[in-house]
Amino acid sequence: MHFTIGAKILGVAVMLVALMIGLSIYSVITVDRIEDRLAVTADSLIPLVGKVAAIDAAALEQEIIFTRLLRSQERSDFSASRTADYLAQWQAYTPRVRSEIADIRAQIARFLRDDDHYEEALPLRLFDRRFADLALEYQDMTVLAERILTLESENRADIAAELIVVLEAEEAQFDRKLAEIRDEAVALARDATTRTALQEHQARLSTLALTAAGAALGLLIAFAITRGIVRPVRQLLIGFENVEAGDLSMELSVKNRDEIGRLTAGFNHMVGEIRAKEEIKDTFGRYIDPRIVDKIIDQSDHSAMEGERRDMTIYFSDLSGFTGIGEMLTASALVRLLNAYFTKMSGGIRDEGGIIDKFIGDAIMAYWGPPFVAQKDMAPAAINAALRNLTELDAFSADIPEITGLRAQPPRLRCRIGLATGPVVIGNIGSDTNKNYTAMGDTVNLAARLESANKNYGTQILVCAQTYHAAQALFHFREIDLLAVKGKTEATAIYEPLGPLTDSPPERLELADRFSRALAAYRTQSWDEAATLFANCLQIMPDDGPSRTFLTRIDQLRHGTLPNHWDGVWHMQHK
């Protein structure tokens, strides 16, 4: 039979209450017995000793007064009034002694009637018989004393003297019997008190022993039940700690059918569900960013999955001249190279908090933004990822011979990156059977156009004006141009990030300064000055693509006819 936790706890409580009630009943019975024995001692034995002493004292006083009364009758110098006074005193003791004896017998009779089962019952019955005999002896002594007084009053002293001897012998015998009864009553009271004290001591020890045994039994049973409850709870706690640490291999054994057993079964089911979700995440995480998989599996915010408008930083990258590289490689070598390249580039993007949206041939699309990255951090994180990937790509080139098997003339990879920050629509986009959680909008198109614009300027990274403004506190930039991409009439300033403020090469900073002055001359159509300044830029960095681009463009513009409203904006004619 299986019990609930509540029933187990209630059972322990009922058991302990039963033990307490049993001990209480035993204590009450024991105390009642002790109180009865004390009552016997207090109400019968001790008063008995007192009354025997009172009878003894009264009898002795009566004897003394009787002796004085005889002397008063024998001497002529005693007045008749004094003799009469002695006689009255002597006569007053007789009913007193009789009353005391009668009270003792009545008290013994009450005790024997109410408490006949005690050890004192038999001695008290003997006392009653002995007091009955004493009463008769006292009666005889009284009659004899009155006879002596009569003889003295009749001047028959000789006969009275003989009777006095007899009376004194009876009085001595009466006193001796009374003393024996008194001593036996004292001994009986003392024995009763001793037995009561011993019984009280034994009761105390028994109560303590029973209390200790009951407490030990209760604790033992409570420990067994508590252990049965705590052990699976501790097992559950260990299981939750393992799950929190990422260990989903544990499956707990269900030994009870109580609430803990159901909770353990629920834990196993929960771990199984988490394990299934983790397997889904692990599988789909190879195709979709794990954070997106979490959102898809969670489904707590359906509106976010269906679509919403947010500001994000979009990242597009592409490999320069990869078509020619692909023609040099076998299919398997091409796949190995692309997989190694994507692995290297994806690491930089994910380390900076970016979400890889998709791989398109040799291109990568990624984005930064809430809820994955704070809005203030998304542009700096994207620029960090772009700069890091360029550095990683240079190091990656050393591994290309090993990857492709082309050791004589291994291909060298060059990457172009475009970054744009602005509003996008992000959500599940696609058909009913095939969807992609992705971003779309003008900002996405602008990032793709900026990636392509790198070919025109000979750069590797270009960012839009909004990205520049969001990150200019952390990075050095140089403005490259005012550009209107294909399909857009509005122009945007485009910039090239040079490096962090704390770690940018001095020659690049000097190049940016000269390039800025050259760009200003270019926009005022000061062609000679602009050409000279751009040529100076090439003295600092001979392979600077933007400077070469503008020198070529100046040669074209100075011989052409420009509109009156020419503002220096360059319009891209291709994507």
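Trainee: How many bridges join β4 to β5, and which way do the strands run?
Mentor: Strand β5 (residues 435-440) is joined to β4 by six bridges, and the two strands run antiparallel. Two strands count as paired if DSSP finds at least two bridges between them. The strands themselves are DSSP runs of E with at least two residues, helices are runs of H or I with at least four, and the numbering starts at the N terminus.

Trainee: Before we go on, what kind of model is this?
Mentor: This is a predicted model, in which local features need pLDDT of at least 70 and side-chain atom pairs count only at pLDDT 80 or more, while totals for chains, interfaces and linings use all residues. Residues are numbered from 1 along each chain as its sequence is written, and side-chain values use heavy atoms, with hydrogens and water left out.

Trainee: Back to β4 and β5. What joins them along the chain?
Mentor: A hairpin of four residues leads from β4 to β5. As a point to find on screen, V425 has M440 in β5 as its bridge partner.

Trainee: Which strand is joined to β4 by twelve bridges?
Mentor: That is β1 (residues 308-319), which runs antiparallel to β4 (residues 415-430). T313 is matched there with T421 of β4 as its bridge partner.

Trainee: And β6, is it parallel or antiparallel to β4?
Mentor: Parallel, with three bridges between β4 and β6 (residues 461-463). One place to look is G418, whose bridge partner in β6 is L462.

Trainee: New topic. How far apart are the ends of α12?
Mentor: The end C-alpha atoms of α12 (residues 442-457) are 22 Å apart, and that agrees with the 22 Å expected for 16 residues at 1.5 Å a residue. The expected span is 1.5 Å times one less than the number of residues in the helix.

Trainee: Where does α12 bend?
Mentor: At E451, by about 25°. The bend at a residue is the angle between two fitted axes, one for the seven residues ending there and one for the seven starting there.

Trainee: How many residues of α12 are buried?
Mentor: Twelve of its 16 residues are buried, so α12 is largely enclosed by the rest of the structure. Buried means under 20% relative accessible area, exposed means over 50%, and partly exposed lies in between (1.4 Å probe, protein chains only). Among the buried ones are V444, R449, E451 and Y457.

Trainee: What comes just after α12?
Mentor: G458, with a positive phi of about 70°.

Trainee: How many disulfides are there?
Mentor: Zero. A disulfide is counted when a pair of cysteine sulfur atoms lies within 2.5 Å.

Trainee: Is C415 buried or exposed?
Mentor: C415 is buried, at 1% relative accessible area. C537 is buried as well, at 0%.

Trainee: And how many salt bridges?
Mentor: There are 19 salt bridges. The rule asks for a side-chain nitrogen of Lys or Arg within 4 Å of a carboxyl oxygen of Asp or Glu. In one of them, the side chains of E137 and K177 meet at 2.3 Å, N to O. E137 belongs to helix α3 (residues 121-153) and K177 to helix α4 (residues 157-244), so this pair ties together parts that are 40 residues apart in sequence. K177 is partly exposed, at 26% relative accessibility.

Trainee: Which residue forms a salt bridge with R517?
Mentor: D513, with the closest N and O atoms 3.7 Å apart. Both residues lie in helix α14 (residues 506-523), four residues apart, which is about one turn of the helix. R517 is partly exposed at 41%, and D513 is partly exposed at 45%.

Trainee: Which residues are joined into a network by shared salt-bridge partners?
Mentor: K344, D351, R388 and E392 form one such network. Within it, E392 and R388 have their closest N and O atoms 3.8 Å apart. These two sit four residues apart in helix α10, separated by about one helical turn. E392 is partly exposed at 24%, and R388 is partly exposed at 30%.

Trainee: Why does four apart matter in a helix?
Mentor: An α-helix has 3.6 residues a turn, so residues three or four places apart point the same way.

Trainee: Last one: what does Q375 touch?
Mentor: Leaving aside residues up to four places away in sequence, Q375 touches D311 and P370, where contact means heavy atoms within 4.5 Å. Q375 is in α10 (residues 375-396) and is partly exposed, at 46%. Q375 and D311 are 64 residues apart in sequence but 7.5 Å apart in space, C-alpha to C-alpha.
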